[in-house]
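Trainee: I would like to learn how to read a structure of this kind, one feature at a time. Could we begin with the charged side chains and then move on to sheets and rings?

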Amino acid sequence: MSATRRPCPSLAAPSVEPERAPVFTLPAVHPVLNISAYRFVVLDDVDALRAQIHAQAASRELKGTVLLADEGINLFLAGPPESVRDFVEWLRRDERFASLEVKESPSANVPFGKLLVKVKREIIRMNHPAIRPQAERAPAVGAQTLARWLDQGHDDEGREVVTLDTRNAFEVDAGRFRGAVDWRIDKFSDFPAAVLAHRDELRGKTVVSYCTGGIRCEKAALFMADAGIDHVMQLDGGILKYFEETGGAHYDGHCFVFDARREVGSDLRPAGAAMTHDPQGGVDPV
């Protein structure tokens, strides 16, 4: 596999106002709003950004985890709805995060024990530095289109559609797309070896990689394309966005989340045997 990637495009400030991401807003029927979001974008000031984000989140009494790396940002936060949305608005004032797409879900309690803002080597660890989603994005398929493909049994060009779970085995056990390929990996950094061992089984099919919120399936799709697998796409926004837009058609069970809720249902509300709180402030997906 070639390690050569296209050069990262210039990130010079645009001459026009950057497009803002659409906001999906849940009704304020629960006292706590949980959000998850990520964006692959070149960051050259992670230490200063870590301090700013921690101060802004702490001042709003938010809890959860924010991961920063040279390749971007990955966050899971919870708190009063108005405080959470105010924090997102503050973050989007930085043009690098102006198009940050946020997924919302409600709960009765804050599922994190503390606020953590960490600087990491990768915001989702794959251990393949040649895979650079901050430089290029894999093709994506929207939730409603995937649901339609699964309804009809093939994509719009007549190819068989394979849903490929990129999550850890214990996450898959909480729920998965019906008939999905699951290689029973223990951590995401095991995914590349699994691809190389199974890639011949995927040839000639449309492969849709999926994960919780989109971050792992985005890297996964790039790796598979680099490994010579044609017709690879990522599920845009992951399972959570799919639940939001389709109600969970063709998906069996719940979606595992890395906080005290442990699982959410297709209505995005807690569905598992929730812990009282998560003393570690959240668990990084691995």
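Trainee: Is Arg184 buried, exposed or partly exposed?

Mentor: Keep in mind throughout that this is a predicted model. Arg184 has a relative accessibility of 40%, and because buried means under 20% and exposed means over 50%, Arg184 counts as partly exposed.

Trainee: Which residue forms a salt bridge with Arg184?

Mentor: The partner is Asp182, and the closest N and O atoms of the two residues are 2.7 Å apart. Asp182 is buried, with a relative accessible area of 16%, whereas Arg184 counts as partly exposed.

Trainee: How many salt bridges does a search of the whole structure find, and where else should I look?

Mentor: The search finds 22 of them. One is formed by Asp259 and Arg261, with 2.7 Å between the closest N and O atoms; here Asp259 counts as buried at 3% relative accessibility, and Arg261 counts as buried at 8%. Salt bridges can also share partners, and in this way Glu71, Arg121, Glu122 and Lys219 are joined into one network. Another salt bridge brings together the side chains of Glu157 and Arg159, at 2.9 Å from N to O, and in that case Glu157 counts as exposed, its relative accessibility being 61%.

Trainee: Turning to the sheets, in what order do the strands of the mixed sheet stand?

Mentor: This open sheet has five strands in the order 4-1-3-2-5, with mixed pairing. Strand 4 (102-107) and strand 5 (115-119) each have a single partner strand, so they stand at the edges and one side of each is left without a neighbour in the sheet. On average, neighbouring strands of this sheet are turned by 10° against each other, direction ignored.

Trainee: What joins strand 2 to strand 5, and what lies across them?

Mentor: Strand 2 (residues 63-69) runs parallel to strand 5, and five bridges join the two. To follow one contact by eye, take Leu68, whose bridge partner in strand 5 is Val119. Helix 1 (residues 46-59) lies across strand 2, strand 3 (72-79) and strand 5, and runs at about 170° to strand 5.

Trainee: Which strands form the open sheet whose pairing is parallel?

Mentor: Five strands form that sheet, in the order 6-11-10-7-9. Its edge strands are strand 6 (140-141) and strand 9 (181-182), each of which pairs on one side only. Strand 10 and strand 11 (residues 232-235) run parallel and are joined by three bridges, and Val207 stands opposite Val232 in strand 11. Helix 3 (residues 143-152) lies across strand 6, strand 7 (161-165), strand 10 and strand 11, running at about 125° to strand 7.

Trainee: Finally, how is a pair of aromatic rings described?

Mentor: The description uses the distance of the centres and the angle of the planes. This structure holds 11 aromatic pairs. In one of them, Phe177 and Tyr210, the ring centres are 4.7 Å apart and the planes stand at 80°, so the pair is edge-to-face. The two residues are 33 residues apart and link distant parts of the chain, Phe177 lying in strand 8 (residues 175-177) and Tyr210 in strand 10 (residues 206-210). Both Phe177 and Tyr210 are buried.

Trainee: Which residues form one aromatic cluster with Phe177 and Tyr210?

Mentor: The cluster also holds Tyr242, Phe243 and Tyr251. Phe243 and Tyr251 have ring centres 5.0 Å apart and planes at 90°, so this pair is edge-to-face, and both residues are buried.

Notes: Residues numbered from 1 in each chain as written. Predicted model: local features only at pLDDT ≥ 70, side-chain atom pairs only at ≥ 80, totals over all residues. Heavy atoms only, no water. Salt bridge = Lys/Arg side-chain N within 4 Å of Asp/Glu carboxyl O. Buried < 20%, exposed > 50% of the residue type's maximum accessible area, 1.4 Å probe, protein only. Pairing = 2+ DSSP bridges. Helix = DSSP H or I, 4+ residues; strand = E, 2+ residues; numbered from the N terminus. Axes fitted to C-alpha atoms, helices over the stretch in contact; angles between N-to-C directions. Contact = heavy atoms within 4.5 Å. Phe/Tyr/Trp six-rings, centres within 6.5 Å; stacked < 30°, edge-to-face > 60°.
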